[in-house]
Amino acid sequence: MRNITYRQAINEALKEEMTRDPRVVLLGEDVGPYGGNFKVTDGLWAEFGDERVMDTPISENGICGVGLGLAVNGFRPVIEVMFSDFTANAMDQLVNQVAKLRYMSGGQLEVPMVVRTTIGGGRSSAAQHSQSLHAWFWHVPGFRVVLPSSPYDAKGLLKAAIRSNDPVMFFEHKMEYNFAGPVPEEDYVIELGKADVKREGRDVTVICTSFLVQKALAAAEKLAPQGIDIEVVDPRSLNPLDRETLEASVRKTGRVVIADEGHITCGAGAELAAILGHSCFDYLDSPIERVGTKDVPIPFSPPMEQFVVPGEESIIKAVMRTLGK
(Lines give C-alpha, C1' and ligand atoms only; values in the text may rest on other atoms or scores of the structure.)
Protein backbone atom coordinates (compact mmCIF):
# COMPACT_ATOMS: atom_id res chain seq x y z
CA MET A 1 0.00 0.00 0.00
CA ARG A 2 1.36 3.47 -0.86
CA ASN A 3 2.12 6.11 1.77
CA ILE A 4 0.59 9.56 1.32
CA THR A 5 0.25 12.57 3.59
CA TYR A 6 -2.80 13.54 5.62
CA ARG A 7 -3.14 16.56 3.27
CA GLN A 8 -3.09 14.33 0.17
CA ALA A 9 -5.56 11.91 1.74
CA ILE A 10 -8.09 14.68 2.33
CA ASN A 11 -7.53 16.04 -1.17
CA GLU A 12 -8.17 12.58 -2.62
CA ALA A 13 -11.35 12.19 -0.60
CA LEU A 14 -12.67 15.50 -1.90
CA LYS A 15 -11.73 14.68 -5.49
CA GLU A 16 -13.26 11.21 -5.40
CA GLU A 17 -16.50 12.39 -3.84
CA MET A 18 -16.80 15.29 -6.32
CA THR A 19 -16.27 12.82 -9.16
CA ARG A 20 -18.78 10.37 -7.72
CA ASP A 21 -21.49 12.90 -6.90
CA PRO A 22 -22.04 16.14 -8.90
CA ARG A 23 -23.91 17.62 -5.94
CA VAL A 24 -20.68 17.94 -3.93
CA VAL A 25 -19.37 21.52 -4.05
CA LEU A 26 -16.57 23.31 -2.17
CA LEU A 27 -16.70 26.79 -0.68
CA GLY A 28 -14.21 28.83 1.30
CA GLU A 29 -11.56 31.50 1.39
CA ASP A 30 -8.86 30.75 -1.21
CA VAL A 31 -10.04 27.18 -1.86
CA GLY A 32 -10.03 27.89 -5.64
CA PRO A 33 -6.95 28.65 -7.76
CA TYR A 34 -4.75 29.11 -4.67
CA GLY A 35 -5.61 25.62 -3.43
CA GLY A 36 -6.43 26.55 0.16
CA ASN A 37 -4.38 28.07 2.93
CA PHE A 38 -2.96 24.62 3.75
CA LYS A 39 -3.07 23.45 0.09
CA VAL A 40 -5.66 20.80 0.84
CA THR A 41 -7.83 21.76 -2.16
CA ASP A 42 -4.88 22.09 -4.53
CA GLY A 43 -5.80 21.17 -8.11
CA LEU A 44 -9.54 20.81 -7.53
CA TRP A 45 -10.52 24.18 -9.03
CA ALA A 46 -8.58 23.35 -12.23
CA GLU A 47 -10.40 20.02 -12.52
CA PHE A 48 -13.93 20.93 -11.48
CA GLY A 49 -14.17 24.66 -12.28
CA ASP A 50 -15.39 27.67 -10.36
CA GLU A 51 -19.02 26.53 -10.24
CA ARG A 52 -18.05 23.64 -7.96
CA VAL A 53 -14.97 25.09 -6.22
CA MET A 54 -15.96 28.56 -5.10
CA ASP A 55 -13.76 31.22 -3.57
CA THR A 56 -15.67 33.32 -1.07
CA PRO A 57 -15.18 36.65 0.70
CA ILE A 58 -13.68 36.62 4.20
CA SER A 59 -17.02 36.11 5.93
CA GLU A 60 -17.40 32.86 7.83
CA ASN A 61 -20.99 33.67 8.74
CA GLY A 62 -21.81 34.25 5.06
CA ILE A 63 -19.97 31.09 3.92
CA CYS A 64 -21.91 28.94 6.38
CA GLY A 65 -25.18 30.61 5.43
CA VAL A 66 -24.61 29.95 1.73
CA GLY A 67 -23.65 26.38 2.57
CA LEU A 68 -26.88 25.90 4.50
CA GLY A 69 -28.89 27.25 1.57
CA LEU A 70 -27.13 24.89 -0.84
CA ALA A 71 -27.62 21.92 1.48
CA VAL A 72 -31.38 22.34 1.82
CA ASN A 73 -31.64 22.74 -1.95
CA GLY A 74 -30.12 19.41 -2.86
CA PHE A 75 -26.37 20.07 -2.86
CA ARG A 76 -23.70 18.59 -0.59
CA PRO A 77 -21.49 21.53 0.30
CA VAL A 78 -18.08 21.11 1.90
CA ILE A 79 -17.08 24.35 3.55
CA GLU A 80 -13.57 25.28 4.61
CA VAL A 81 -13.10 27.53 7.63
CA MET A 82 -9.31 27.88 7.80
CA PHE A 83 -9.09 27.97 11.59
CA SER A 84 -11.67 26.69 14.07
CA ASP A 85 -11.08 29.93 15.98
CA PHE A 86 -13.13 31.65 13.24
CA THR A 87 -16.14 29.39 13.61
CA ALA A 88 -16.96 31.89 16.36
CA ASN A 89 -17.87 34.34 13.59
CA ALA A 90 -20.47 31.92 12.25
CA MET A 91 -21.98 30.54 15.44
CA ASP A 92 -25.52 31.73 14.76
CA GLN A 93 -25.60 30.02 11.36
CA LEU A 94 -23.95 26.88 12.69
CA VAL A 95 -25.52 26.46 16.11
CA ASN A 96 -28.95 27.99 15.65
CA GLN A 97 -29.62 27.06 12.02
CA VAL A 98 -27.42 24.30 10.59
CA ALA A 99 -27.56 22.01 13.64
CA LYS A 100 -31.28 22.44 14.29
CA LEU A 101 -33.02 22.63 10.93
CA ARG A 102 -33.79 18.91 10.64
CA TYR A 103 -35.36 18.90 14.13
CA MET A 104 -37.24 22.18 13.71
CA SER A 105 -38.67 21.11 10.34
CA GLY A 106 -39.92 17.84 11.74
CA GLY A 107 -37.48 15.94 9.54
CA GLN A 108 -38.66 17.60 6.33
CA LEU A 109 -35.28 19.27 5.74
CA GLU A 110 -31.85 17.67 5.84
CA VAL A 111 -28.52 19.53 6.00
CA PRO A 112 -25.88 17.32 4.32
CA MET A 113 -23.08 19.80 4.88
CA VAL A 114 -19.48 19.34 6.03
CA VAL A 115 -17.50 22.09 7.72
CA ARG A 116 -13.78 21.35 7.40
CA THR A 117 -11.66 23.34 9.82
CA THR A 118 -8.35 23.13 11.66
CA ILE A 119 -7.36 22.80 15.30
CA GLY A 120 -4.17 22.65 17.30
CA GLY A 121 -1.01 24.41 18.36
CA GLY A 122 2.58 23.75 17.37
CA ARG A 123 3.07 26.40 14.70
CA SER A 124 3.42 29.52 16.88
CA SER A 125 0.19 30.80 15.37
CA ALA A 126 -0.76 32.40 18.70
CA ALA A 127 -4.01 32.81 20.58
CA GLN A 128 -6.43 33.39 17.69
CA HIS A 129 -5.21 30.63 15.33
CA SER A 130 -4.30 27.71 17.61
CA GLN A 131 -7.35 26.73 19.59
CA SER A 132 -8.98 23.30 19.58
CA LEU A 133 -12.68 24.09 19.82
CA HIS A 134 -14.30 20.78 18.90
CA ALA A 135 -15.90 20.48 22.36
CA TRP A 136 -18.07 23.53 21.54
CA PHE A 137 -19.79 21.55 18.79
CA TRP A 138 -20.02 18.29 20.73
CA HIS A 139 -22.09 20.31 23.19
CA VAL A 140 -24.67 21.16 20.50
CA PRO A 141 -27.15 18.42 19.51
CA GLY A 142 -27.43 18.04 15.76
CA PHE A 143 -23.78 17.96 14.72
CA ARG A 144 -21.57 15.01 13.93
CA VAL A 145 -18.10 15.77 15.32
CA VAL A 146 -15.11 14.04 13.69
CA LEU A 147 -11.35 14.26 14.45
CA PRO A 148 -9.18 12.08 12.17
CA SER A 149 -5.69 11.23 13.45
CA SER A 150 -4.08 9.55 10.42
CA PRO A 151 -4.13 9.81 6.63
CA TYR A 152 -6.11 6.56 6.40
CA ASP A 153 -8.73 7.79 8.84
CA ALA A 154 -8.84 11.27 7.30
CA LYS A 155 -9.77 9.96 3.86
CA GLY A 156 -12.26 7.33 4.98
CA LEU A 157 -13.97 9.54 7.54
CA LEU A 158 -14.24 12.55 5.21
CA LYS A 159 -15.89 10.41 2.54
CA ALA A 160 -18.38 9.19 5.16
CA ALA A 161 -18.95 12.77 6.32
CA ILE A 162 -19.72 13.96 2.78
CA ARG A 163 -22.19 11.11 2.30
CA SER A 164 -23.92 11.83 5.64
CA ASN A 165 -27.29 13.55 5.59
CA ASP A 166 -26.44 15.33 8.85
CA PRO A 167 -24.13 18.33 9.29
CA VAL A 168 -20.58 17.26 10.17
CA MET A 169 -17.90 19.34 11.89
CA PHE A 170 -14.64 17.86 10.57
CA PHE A 171 -11.58 18.93 12.59
CA GLU A 172 -8.17 18.54 10.94
CA HIS A 173 -5.03 19.09 13.02
CA LYS A 174 -2.57 21.51 11.42
CA MET A 175 0.46 19.48 12.58
CA GLU A 176 -0.87 16.38 10.81
CA TYR A 177 -0.93 17.75 7.26
CA ASN A 178 2.62 16.56 6.44
CA PHE A 179 2.26 13.30 8.36
CA ALA A 180 2.35 10.32 5.98
CA GLY A 181 0.84 6.89 6.33
CA PRO A 182 -0.60 3.97 4.35
CA VAL A 183 -3.79 4.71 2.40
CA PRO A 184 -5.43 2.30 -0.08
CA GLU A 185 -5.93 3.49 -3.64
CA GLU A 186 -9.35 1.88 -3.86
CA ASP A 187 -12.54 3.48 -2.59
CA TYR A 188 -13.29 2.95 1.11
CA VAL A 189 -15.42 4.63 3.74
CA ILE A 190 -15.01 4.56 7.54
CA GLU A 191 -18.34 4.57 9.30
CA LEU A 192 -18.77 7.50 11.69
CA GLY A 193 -19.00 6.36 15.30
CA LYS A 194 -16.47 3.52 15.17
CA ALA A 195 -13.46 3.90 17.47
CA ASP A 196 -10.13 2.33 16.58
CA VAL A 197 -7.68 0.58 18.90
CA LYS A 198 -4.42 1.96 17.51
CA ARG A 199 -2.26 -0.13 19.84
CA GLU A 200 -3.22 -3.00 22.12
CA GLY A 201 -1.86 -3.07 25.69
CA ARG A 202 -2.60 -4.46 29.13
CA ASP A 203 -1.68 -1.84 31.78
CA VAL A 204 -3.31 1.53 30.99
CA THR A 205 -5.84 2.70 28.37
CA VAL A 206 -4.97 6.02 26.75
CA ILE A 207 -8.01 7.45 25.00
CA CYS A 208 -6.76 10.22 22.76
CA THR A 209 -7.96 12.40 19.91
CA SER A 210 -6.46 13.91 16.77
CA PHE A 211 -2.70 14.67 16.87
CA LEU A 212 -2.41 13.36 20.42
CA VAL A 213 -2.93 9.87 19.03
CA GLN A 214 0.50 10.14 17.40
CA LYS A 215 1.92 11.47 20.68
CA ALA A 216 0.35 8.60 22.64
CA LEU A 217 1.79 6.02 20.26
CA ALA A 218 5.24 7.58 20.68
CA ALA A 219 4.77 7.57 24.46
CA ALA A 220 3.85 3.88 24.32
CA GLU A 221 7.13 3.05 22.59
CA LYS A 222 9.06 4.97 25.26
CA LEU A 223 7.26 3.22 28.11
CA ALA A 224 7.51 -0.29 26.68
CA PRO A 225 11.18 -0.85 27.74
CA GLN A 226 10.09 -0.08 31.32
CA GLY A 227 7.57 -2.91 31.17
CA ILE A 228 4.58 -0.56 30.88
CA ASP A 229 2.20 -1.68 28.15
CA ILE A 230 -0.38 0.96 27.23
CA GLU A 231 -3.40 0.56 24.98
CA VAL A 232 -4.11 3.50 22.66
CA VAL A 233 -7.73 4.04 21.63
CA ASP A 234 -8.88 6.72 19.20
CA PRO A 235 -12.63 7.50 19.29
CA ARG A 236 -12.28 9.12 15.81
CA SER A 237 -15.66 10.78 16.28
CA LEU A 238 -17.17 12.27 19.42
CA ASN A 239 -20.70 12.29 18.06
CA PRO A 240 -21.54 9.55 17.43
CA LEU A 241 -19.33 8.12 20.18
CA ASP A 242 -18.35 4.46 20.25
CA ARG A 243 -18.80 3.93 23.99
CA GLU A 244 -18.64 0.15 23.65
CA THR A 245 -15.03 0.08 22.40
CA LEU A 246 -13.87 2.67 24.94
CA GLU A 247 -15.52 0.89 27.84
CA ALA A 248 -14.21 -2.53 26.79
CA SER A 249 -10.64 -1.20 26.84
CA VAL A 250 -11.03 0.48 30.23
CA ARG A 251 -12.54 -2.68 31.74
CA LYS A 252 -9.58 -4.66 30.40
CA THR A 253 -6.80 -2.44 31.78
CA GLY A 254 -8.48 -0.88 34.84
CA ARG A 255 -6.69 2.41 34.32
CA VAL A 256 -7.38 5.26 31.91
CA VAL A 257 -5.78 8.47 30.70
CA ILE A 258 -7.79 10.78 28.44
CA ALA A 259 -5.68 13.05 26.21
CA ASP A 260 -7.36 15.81 24.20
CA GLU A 261 -5.85 19.08 23.00
CA GLY A 262 -8.84 21.23 23.94
CA HIS A 263 -8.63 23.33 27.08
CA ILE A 264 -8.86 21.07 30.11
CA THR A 265 -11.86 22.80 31.73
CA CYS A 266 -15.15 21.70 30.15
CA GLY A 267 -13.19 20.03 27.35
CA ALA A 268 -13.95 16.79 25.55
CA GLY A 269 -11.82 14.97 28.13
CA ALA A 270 -14.16 16.06 30.91
CA GLU A 271 -17.18 14.52 29.18
CA LEU A 272 -15.32 11.31 28.35
CA ALA A 273 -14.16 11.04 31.96
CA ALA A 274 -17.73 11.48 33.21
CA ILE A 275 -19.02 8.80 30.83
CA LEU A 276 -16.33 6.28 31.77
CA GLY A 277 -16.45 7.13 35.47
CA HIS A 278 -20.13 6.22 35.45
CA SER A 279 -20.03 3.12 33.28
CA CYS A 280 -16.67 1.65 34.38
CA PHE A 281 -16.41 2.75 38.03
CA ASP A 282 -16.26 -0.79 39.42
CA TYR A 283 -13.41 -1.68 37.06
CA LEU A 284 -11.13 1.28 37.82
CA ASP A 285 -8.00 0.68 39.90
CA SER A 286 -7.04 4.37 40.01
CA PRO A 287 -8.66 7.78 39.34
CA ILE A 288 -9.15 8.78 35.69
CA GLU A 289 -6.39 11.12 34.54
CA ARG A 290 -6.96 13.93 32.00
CA VAL A 291 -4.40 15.58 29.72
CA GLY A 292 -5.32 18.82 27.97
CA THR A 293 -4.24 22.34 27.14
CA LYS A 294 -3.74 24.59 30.15
CA ASP A 295 -6.52 27.12 30.74
CA VAL A 296 -4.77 30.12 29.22
CA PRO A 297 -4.74 31.60 25.69
CA ILE A 298 -2.25 29.77 23.43
CA PRO A 299 1.05 31.76 23.53
CA PHE A 300 2.97 32.87 20.44
CA SER A 301 6.34 32.09 22.05
CA PRO A 302 7.39 28.54 21.01
CA PRO A 303 8.71 27.52 24.49
CA MET A 304 5.58 28.93 26.13
CA GLU A 305 3.33 27.21 23.58
CA GLN A 306 5.12 23.91 24.21
CA PHE A 307 4.53 24.38 27.94
CA VAL A 308 0.81 25.07 27.51
CA VAL A 309 -0.15 22.51 24.84
CA PRO A 310 0.03 18.81 25.85
CA GLY A 311 2.34 16.32 24.19
CA GLU A 312 4.18 13.08 24.68
CA GLU A 313 5.66 13.96 28.08
CA SER A 314 2.27 15.04 29.45
CA ILE A 315 0.84 11.66 28.50
CA ILE A 316 3.77 9.76 30.04
CA LYS A 317 3.41 11.65 33.32
CA ALA A 318 -0.33 10.95 33.42
CA VAL A 319 0.25 7.24 32.76
CA MET A 320 2.76 7.11 35.60
CA ARG A 321 0.28 8.79 37.96
CA THR A 322 -2.36 6.16 37.20
CA LEU A 323 0.22 3.50 38.09
CA GLY A 324 1.16 5.28 41.32
CA LYS A 325 4.71 5.93 40.14
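Where is the place of Glu289?

## Glu289 and its partner

In this predicted model, the place of Glu289 is in strand 14, and the residue is buried, with a relative accessible area of 18%. Leaving aside residues up to four places away in sequence, Glu289 touches Val256, Val257, Ile258, Ala318, Arg321 and Thr322.

One of these neighbours, Arg321, meets Glu289 in a salt bridge between the two side chains, with 3.0 Å from N to O. The pair links distant parts of the chain, since Arg321 belongs to helix 12 (residues 312-322) and Glu289 to strand 14 (residues 289-293), 32 residues apart. The side chains of Glu289 and Arg321 are also joined by a polar contact of 3.0 Å. Arg321 itself counts as partly exposed, at 43% relative accessibility, whereas Glu289 counts as buried at 18%.

## Other salt bridges

Side chains of opposite charge can pair when their charged atoms come close. A search of the whole structure finds 28 salt bridges. One of them brings together the side chains of Arg23 and Asp21, at 2.9 Å from N to O; here Arg23 is partly exposed, with a relative accessible area of 39%, while Asp21 counts as buried at 6% relative accessibility.

Another salt bridge is formed by Arg163 and Asp187, whose closest N and O atoms are 3.5 Å apart. Arg163 lies in helix 7 (residues 151-163) and Asp187 in the loop between strand 8 (180-182) and strand 9 (196-199), so this pair ties together parts that are 24 residues apart in sequence. Both partners count as partly exposed, Arg163 with a relative accessible area of 30% and Asp187 at 49% relative accessibility. Arg163 and Asp187 also belong to a network of salt bridges, in which they are linked with Arg2, Glu12, Glu16, Glu17, Arg20, Lys155 and Lys159.

## A buried charge without a salt bridge

Asp234, which is found in strand 11 (residues 230-234), is buried and yet has no salt bridge. The nearest side chain of opposite charge is that of Lys198, 4.2 Å away, and a salt bridge requires the nitrogen and the carboxyl oxygen to be within 4 Å, so this pair does not count as one.

A polar atom of the Asp234 side chain does, however, lie 2.9 Å from the backbone nitrogen of Arg236. Residues up to four places away in sequence being set aside, Asp234 touches Leu147, Ser149, Asp153, Ala195, Asp196, Lys198, Cys208, Thr209 and Val213.

## Two helices

Helix 1 (residues 6-20) has 15 residues, which at 1.5 Å a residue should span 21 Å, and its end C-alpha atoms are indeed 21 Å apart, in agreement with that expectation. The buried residues of helix 1 are Tyr6, Ala9, Ile10, Asn11, Ala13, Leu14, Glu17 and Met18; among these, Glu17 is also part of the network of salt bridges.

Helix 8 (residues 211-223) has 13 residues and an expected span of 18 Å, which agrees with the 19 Å that separates its end C-alpha atoms. In helix 8 the residues Phe211, Leu212, Val213, Gln214, Ala216, Ala219, Ala220 and Leu223 are buried, and what covers the buried residues of this helix includes strand 7 (168-173), strand 9, strand 10 (204-208), strand 11, strand 13 (256-263) and helix 12. Ala220, in helix 8, counts as buried at 0% relative accessibility, and, residues up to four places away in sequence not being counted, touches Arg199 and Ile230. Between Ala220 and Asp153, which are 67 residues apart in sequence, the distance in space is 20 Å from C-alpha to C-alpha.

## The nonpolar cores

The largest nonpolar core has 43 residues, and those with the most contacts inside it are Leu94, Met113, Phe143, Val145, Ile207, Leu246 and Leu276. Apart from this core lies another, of 33 residues, among them Ile10, Leu14, Val31 and Leu157; of these, Ile10 and Leu14 are buried residues of helix 1.

Within the largest core, Met113 is among the residues with the most contacts. Not counting residues up to four places away in sequence, Met113 touches Cys64, Gly67, Leu68, Ala71, Pro77, Ile79, Leu94, Val98, Asp166, Pro167 and Val168.

Note on methods
Residues are numbered from 1 along each chain as its sequence is written. This is a predicted model: local features need pLDDT of at least 70, side-chain atom pairs count only at pLDDT 80 or more; totals for chains, interfaces and linings use all residues. Side-chain values use heavy atoms; hydrogens and water are left out. A nonpolar core is a set of buried Ala, Val, Leu, Ile, Met, Phe, Trp, Tyr and Cys residues joined through side-chain atoms within 4.5 Å. Buried means under 20% relative accessible area, exposed over 50%, partly exposed in between (1.4 Å probe, protein chains only). Contact means heavy atoms within 4.5 Å. Helices (H or I, at least four residues) and strands (E, at least two) are DSSP runs, numbered from the N terminus. Lys and Arg count as positive and Asp and Glu as negative; His and the chain ends are not counted. A polar contact is a pair of N or O atoms within 3.5 Å; within protein, one must be able to donate a hydrogen and the other to accept it, and residues adjacent in sequence count only if both atoms are side-chain atoms. The expected span of a helix is 1.5 Å times one less than its number of residues.
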